[in-house]
Amino acid sequence: MESPTGTVPAGTTASDEISREELQLATRNHGMPLEALRFAVTPVGLHYLLVHYDIPVVDAGDWRLELDGSVDRLLSLSLDELRARPSVTRTVAMECAGNGRARLSPRAVSQPWLLEAVGNAEWTGTPLAPLLEEAGISDRAVEVVFTGLDRGVEGGVDQHYQRSLPVEEALGDDALLVWAMNGQPLPPQHGFPLRLLVPGWYGMTSVKWLGRITAVDLPFDGYQNLRAYRYRQDPDELGEPVSRIAPRSLLAPPGIPEFMSRRRLLGPGPCRLEGRAWSGWGPVTRVEVSTDGGRRWTPAELEPAEVQYSWQRWSLEWRPPAPGDYELCCRATDATGRTQPTEPQWNLGGYADNDVQRVQVTVTADQGI
């Protein structure tokens, strides 16, 4: 389907060729280089980033968070007032719902993620639930809407970026209002001065540049809830909403890369394969590795989930039997029994494509590699 300008609208599909518009998105946003999987906590500048519209310039001294809607008391709080509340720091793996979409065929036209739209940061803030309880959220309320200060046009709709959570999720123990990342104030691109963080859910839920929280008595029908971020096979379907992160394991690339293809080159001898795994449905309980493209699988050593929603390190000692070409794969299984599929699971928006990673490796006889 072509738009009047000749470009393909987001949420539709196209050939494997990346358009100029998608390249524009890719230069504004960025993924985490996969070698950064070796960091337990992702440095701020390496954490993945997706900005839907423009990055707002916010004066923290003038900024206030408004809480309204179906509540007993309207609240208006400054950043200092929020920082004076009880605070917690949590290490949370965050992943974009579109991670992997560029590998699908036909491909959804949007930010062309391969596998790098992830990061594992330390977030500091105050729990959301006590704030809602202080406002006296009504028994009639069914959802809580979060409105960012960023504004743009998407799907032909002029909008602030908005997402909602069911009341039971908003009143749970996980959701935070955060003002710091890795011990420093939120950078502008990550939502300064305040953002929502919903551990275990894909990143679209964690609204940046948060300006307003509104309790509503009817399900929120804004664009980002009702039209975007839904699992659909056809544009006319309502579909199911995207929510929690599907299990995924990624391999930190071994050896050295060939510049353009990023194919890995390894010398002879033993090699320790390592990576990270995570899931929004519960801790990862098993990671398996294949060195022959998925025909045979070997259990890897997996570190326990010491922190809920943080990623877990895994490793495996591999001794290539001979020089040659290999395809390395890894897959994770979580506590609910969800396992990464070996083949892509297609949907119109390219969401939650968590099929196994495949890394092409050439083992050489060169001792110097």
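Trainee: Where does Tyr-309 sit?

Mentor: In this predicted model, look in the loop between β21 (301-302) and β22 (312-318), and you'll find Tyr-309 there.

Trainee: Why is Tyr-309 called buried?

Mentor: Its relative accessible area is 15%, and buried means under 20%, so Tyr-309 gets that label.

Trainee: Which residues is Tyr-309 in contact with, leaving aside its neighbours within four places in sequence?

Mentor: Among them are Thr-91, Asn-120, Asp-174, Pro-199 and Arg-244. Take Asp-174: it is 135 residues from Tyr-309 along the chain, with the C-alpha atoms separated by 9.7 Å.

Trainee: What makes the side chains of Tyr-309 and Asp-174 a polar contact?

Mentor: The distance given for that contact is 2.9 Å, and the cut-off for N or O atoms is within 3.5 Å.

Trainee: How many aromatic pairs does a search of the whole structure find?

Mentor: Four. One of them is Tyr-48 with Trp-113.

Trainee: Why is the pair of Tyr-48 and Trp-113 called edge-to-face?

Mentor: The ring centres are 6.0 Å apart and the planes stand at 85 degrees. Pairing needs centres within 6.5 Å, and planes over 60 degrees apart count as edge-to-face, so the name fits.

Trainee: What does this pair tie together?

Mentor: Tyr-48 is in the loop between α1 (20-28) and β2 (64-69), while Trp-113 is in the loop between β5 (107-108) and β6 (118-127), so parts 65 residues apart in sequence are tied together.

Trainee: And how do you know whether Tyr-48 and Trp-113 are buried or exposed?

Mentor: Tyr-48 has 6% relative accessibility and Trp-113 has 3%. With the limit for buried at under 20%, both count as buried.

Note on methods: Residues are numbered from 1 along each chain as its sequence is written. This is a predicted model: local features need pLDDT of at least 70, side-chain atom pairs count only at pLDDT 80 or more; totals for chains, interfaces and linings use all residues. Side-chain values use heavy atoms; hydrogens and water are left out. Helices (H or I, at least four residues) and strands (E, at least two) are DSSP runs, numbered from the N terminus. Buried means under 20% relative accessible area, exposed over 50%, partly exposed in between (1.4 Å probe, protein chains only). Contact means heavy atoms within 4.5 Å. A polar contact is a pair of N or O atoms within 3.5 Å; within protein, one must be able to donate a hydrogen and the other to accept it, and residues adjacent in sequence count only if both atoms are side-chain atoms. Rings of Phe, Tyr and Trp (its six-membered ring) pair if their centres lie within 6.5 Å; planes under 30 degrees apart count as stacked, over 60 as edge-to-face and the rest as tilted.
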